[in-house]
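This report covers internal packing, one helix and two backbone positions. Please keep the sequence and the model in view while reading.

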Amino acid sequence: MQMLNKGDKIAIVAPSGFIESESLQNGLNWFKRQGLEVVFMQNVFARYRYMGGSDEQRAADINQAFAGEDIKAIFCARGGAGAVKVLDKLDYELIKKNPKPIFGLSDSTALQNAVYAKTGNVSYTGFLPIYDFKTPDLDEVTAHSLLNVFNLAKQTVQEGTYLRGGKARGIMVGGCLSVLCSLCGSAYFPDLQNKILLLEDVGEKTYRLENMLTQLKYQKNFSKIKGIVFGKFTKCPEADEGDGTVEEIISDFVNDLNVPVISDFPYGHIHGRYVLPIGKEVILDADKVQLEF
């Protein structure tokens, strides 16, 4: 990624849920204050059922954004669902020849990890113009982290809970756990060798989280990961009392792992989250409960 400067053009796409123009206004105002020029892709306000247009329309917009030589970055407007359905319609040769960062969160996990797996393209997870601008002002932590990404500034965050000690350097992949698991067994799932896994989720029962974590453990090269950063698991209750809390599920999962692991990192479906790279090297120091990126 190159530094985003005033006057640069950024593309808005809707690979997941459909969007309405008024819901974007606060985000557009913020982009304008940063001196960025927003370009809407052709189908961005289309709708097909719960999605931002048909699979073909949404994929065409993503391909168009990558093809645009004057487009410096791509922003997914919102989360929801549906991004996984466009993956077989993207032009990965085009994307590989025209790398540019995809910004998103939640359902964007499918797009970001798939594009990385197929092309090595770097994305950033932790920001959505609609989700983050339900009020006129962007959360201060998120704004500061996002602007640091724009400026290619190093970020060091010392926050979270120690689970397994050690220090590791590796490419970060992951994001929303349930969305990442939707890629399992496909050509769009990233190779886990030498990777640092980033995981969070929202609105899932804890027994489902346990099933999904187990599914990840069964993926090729899981035994060769370098570390895990668990973000926040928001509104993830026990289905029945005694099923196990999020903390208990995670503790059981990492019990036999010999890599550095931290939890409660400020990332996920929360305010005050950091914007983190997908497909780029990070340094995890679990002894200090610290992440550098």
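## Burial and the basis of the model

A residue is called buried when its relative accessible area is under 20%, and exposed when that value is over 50%. The structure discussed here is a predicted model.

## Two loop residues with positive phi

Most residues other than glycine have a negative phi. S106 departs from this pattern, with a phi near 65 degrees, a positive value in a residue other than glycine. S106 is found in the loop that runs between strand 4 and helix 4. Its relative accessibility is 12%, so S106 counts as buried.

V289 is likewise not a glycine, and its phi is positive, at about 50 degrees. The loop that holds V289 joins strand 13 (281-285) and strand 14 (290-292). Because its relative accessibility is 14%, V289 also counts as buried.

## Helix 2

The 13 residues of helix 2 should span 18 Å at 1.5 Å a residue, the expected span being 1.5 Å times one less than the number of residues. The end C-alpha atoms of helix 2 are 18 Å apart, which agrees.

Within helix 2, the buried residues are D55, R58, A59, D61, I62, N63, A65 and F66. These buried residues pack against three strands and two helices: strand 1 (9-13), strand 3 (71-76), strand 4 (102-104), helix 3 (92-97) and helix 4 (108-119).

## Nonpolar cores

In soluble globular proteins, nonpolar side chains tend to be buried together. In this model the largest nonpolar core has 72 residues, and L90, L199 and F230 touch the most other members. When neighbours within four places in sequence are left aside, L90 is in contact with A59, I62, N63, I95, L111 and V115. Of these contacts, A59, I62 and N63 are among the buried residues of helix 2.

Apart from the largest core lies another core, of 25 residues. Its members include L28, W30, F31 and V149.

## The cavity

How many cavities of 30 Å³ or more does a search of the whole structure find? The search finds one, and the volume of the largest cavity is about 30 Å³.

The lining of this cavity consists of V13, A14, P15, N43, V44, G52, Q57, R58 and D61. By type, four of the lining residues are nonpolar, three are polar and two are charged. Helix 2 (residues 55-67) gives the most to the lining, with three residues. R58 and D61 in the lining are also among the buried residues of helix 2.

Definitions and conventions: Residues are numbered from 1 along each chain as its sequence is written. This is a predicted model: local features need pLDDT of at least 70, side-chain atom pairs count only at pLDDT 80 or more; totals for chains, interfaces and linings use all residues. Side-chain values use heavy atoms; hydrogens and water are left out. On a 1 Å grid over the protein atoms alone, a cavity is a set of points where a 1.4 Å probe fits but cannot get out, and a pocket is an open set with protein on both sides within 12 Å along at least five of seven lines; lining residues have an atom within 4 Å of a point. Grid points are joined across faces, edges and corners, and a volume is the space filled by probe spheres set on the points. Helices (H or I, at least four residues) and strands (E, at least two) are DSSP runs, numbered from the N terminus. Ala, Val, Leu, Ile, Met, Phe, Trp, Tyr, Cys and Pro count as nonpolar, Asp, Glu, Lys and Arg as charged, and the others, Gly among them, as polar. A nonpolar core is a set of buried Ala, Val, Leu, Ile, Met, Phe, Trp, Tyr and Cys residues joined through side-chain atoms within 4.5 Å. Buried means under 20% relative accessible area, exposed over 50%, partly exposed in between (1.4 Å probe, protein chains only). Contact means heavy atoms within 4.5 Å.
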